[in-house]
Amino acid sequence: MTQASVIPVDQGPKITARQVNVNASAADIFALVADPHRHHELDGSGTVRDSTVKGPDRLKKGDKFSVGMKQFGVPYKITSTVTELADNKVVEWQHPMGHKWRWELVETAPGNTQVTESFNYGTAKVPAMITAFGYDKKNGDGITKTLEQLAKRFA
């Protein structure tokens, strides 16, 4: 069995995106992404904590959800708003600082889905801070690990 290849995807300036093919249906992957209580199962960055989530079990556009996070040993909570959602296709939420996280799912064959995760900091209130502190690259590394874990989960 070979490891699924995560590849960078060019979606324009101020968007960090990666893509992988996963041996699962779009519905199975969507069930993970659309449930904020399960985001810790997806997180490759190591920042999402599993026990501190508030929000619905199944997101819909306009929903708010709070997730406990931890960086540099410091716990904090982020409340995001779902800005786009299409069943088995797209889940996108916006961070209070304006940047967006997006998951796009395209079922290319039964039981095989092309998954693209992106971090759009062009919508951030201060996008220059994202690059100044290297979060564009750091988040790219986290996305890669997340997608590797996702592919491995369904291998």
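The paragraphs below lead through a predicted model, from one of its helices to its aromatic pairs, its salt bridges and some features of its loops and surface.

A convenient place to begin is helix H4, which covers residues 135-153. Its 19 residues should span 27 Å at 1.5 Å a residue, and because the C-alpha atoms at its ends are 26 Å apart, the length found in the model agrees with that expectation. An α-helix has 3.6 residues a turn, so residues three or four places apart point the same way. With that in mind, the reader may look at the buried positions of H4, which are Asp136, Asn139, Gly140, Gly142, Ile143, Thr144, Thr146, Leu147, Leu150 and Ala151. The elements against which these buried residues pack are strand S2 (15-22), helices H1 (26-33) and H2 (39-42), strands S7 and S8, and helix H3.

Leu150 gives a view of this packing from a single side chain. Leu150 has a relative accessibility of 2% and therefore counts as buried, the limit being under 20%. Leaving aside residues up to four places away in sequence, Leu150 touches Val22, Ile29, Leu32, Leu42, Trp103 and Val115. Lys70 offers a contrasting reference point, for it stands 80 residues from Leu150 along the chain, and the C-alpha atoms of the two are separated by 21 Å.

The aromatic residues come next. A pair of aromatic rings is described by the distance of the centres and the angle of the planes. The structure holds three such pairs. In one of them, the ring centres of Phe65 and Trp93 are 5.6 Å apart and the planes stand at 85°, so this pair is edge-to-face, a class that requires an angle over 60 degrees. Since Phe65 belongs to strand S4 and Trp93 to strand S6, the pair ties together parts of the chain that are 28 residues apart in sequence. Phe65 and Trp93 are both buried.

Trp101 and Phe119 form another pair, with ring centres 4.8 Å apart and planes at 40°, and the pair is tilted because this angle falls between the limits of 30 and 60 degrees. This pair, too, links distant parts of the chain, as Trp101 lies in strand S7 (residues 100-109) and Phe119 in strand S8 (residues 112-120), 18 residues apart. Trp101 and Phe119 are each buried. Ring pairs further join Trp101 and Phe119 with Tyr121, so that the three make up a cluster.

Charged residues supply another set of links. Side chains of opposite charge can pair when their charged atoms come close. The count of salt bridges in the model comes to nine. One of them joins Glu41 to Arg38, with the closest N and O atoms 3.0 Å apart. Both partners count as partly exposed, because Glu41 has a relative accessibility of 29% and Arg38 has a relative accessible area of 26%.

Arg102 takes part in salt bridges with two acidic side chains, meeting Glu84 at 2.8 Å from N to O and Glu104 at 3.6 Å from N to O. As Arg102 lies in strand S7 and Glu84 in strand S5, their pair ties together parts that are 18 residues apart in sequence. With a relative accessible area of 16%, Arg102 is buried, whereas Glu84, at 32% relative accessibility, counts as partly exposed. Glu104, at 23% relative accessibility, is likewise partly exposed. Through shared partners, salt bridges join Glu84, Glu92, Lys100, Arg102 and Glu104 into one network.

The remaining features concern loops and the surface. Phe72, in the loop between strand S4 (64-71) and strand S5 (74-86), has a phi near 55°, a positive value in a residue other than glycine. Phe72 counts as exposed because its relative accessibility is 70%. Asn88, in the loop between S5 and strand S6 (90-94), is not a glycine either, yet has a positive phi of about 60°. The relative accessibility of Asn88 is 30%, and Asn88 therefore counts as partly exposed.

On the surface, Val126, Met129 and Phe133 make a nonpolar patch of about 310 Å². Of these residues, Met129 is found in helix H3 (residues 127-132), and its relative accessibility of 45% is why it counts as partly exposed. Helix H3 is also one of the elements against which the buried residues of H4 pack.

Technical notes. Residues numbered from 1 in each chain as written. Heavy atoms only, no water. Helix = DSSP H or I, 4+ residues; strand = E, 2+ residues; numbered from the N terminus. Buried < 20%, exposed > 50% of the residue type's maximum accessible area, 1.4 Å probe, protein only. Patch = residues over 30% accessible without salt bridge, like charges linked within 9 Å, V, L, I, M, F, W, Y side chains within 5 Å. Areas by Shrake-Rupley, 256 points an atom, 1.4 Å probe, with all protein chains shown as cover. Salt bridge = Lys/Arg side-chain N within 4 Å of Asp/Glu carboxyl O. Contact = heavy atoms within 4.5 Å. Phe/Tyr/Trp six-rings, centres within 6.5 Å; stacked < 30°, edge-to-face > 60°. Expected span 1.5 Å × (residues − 1).
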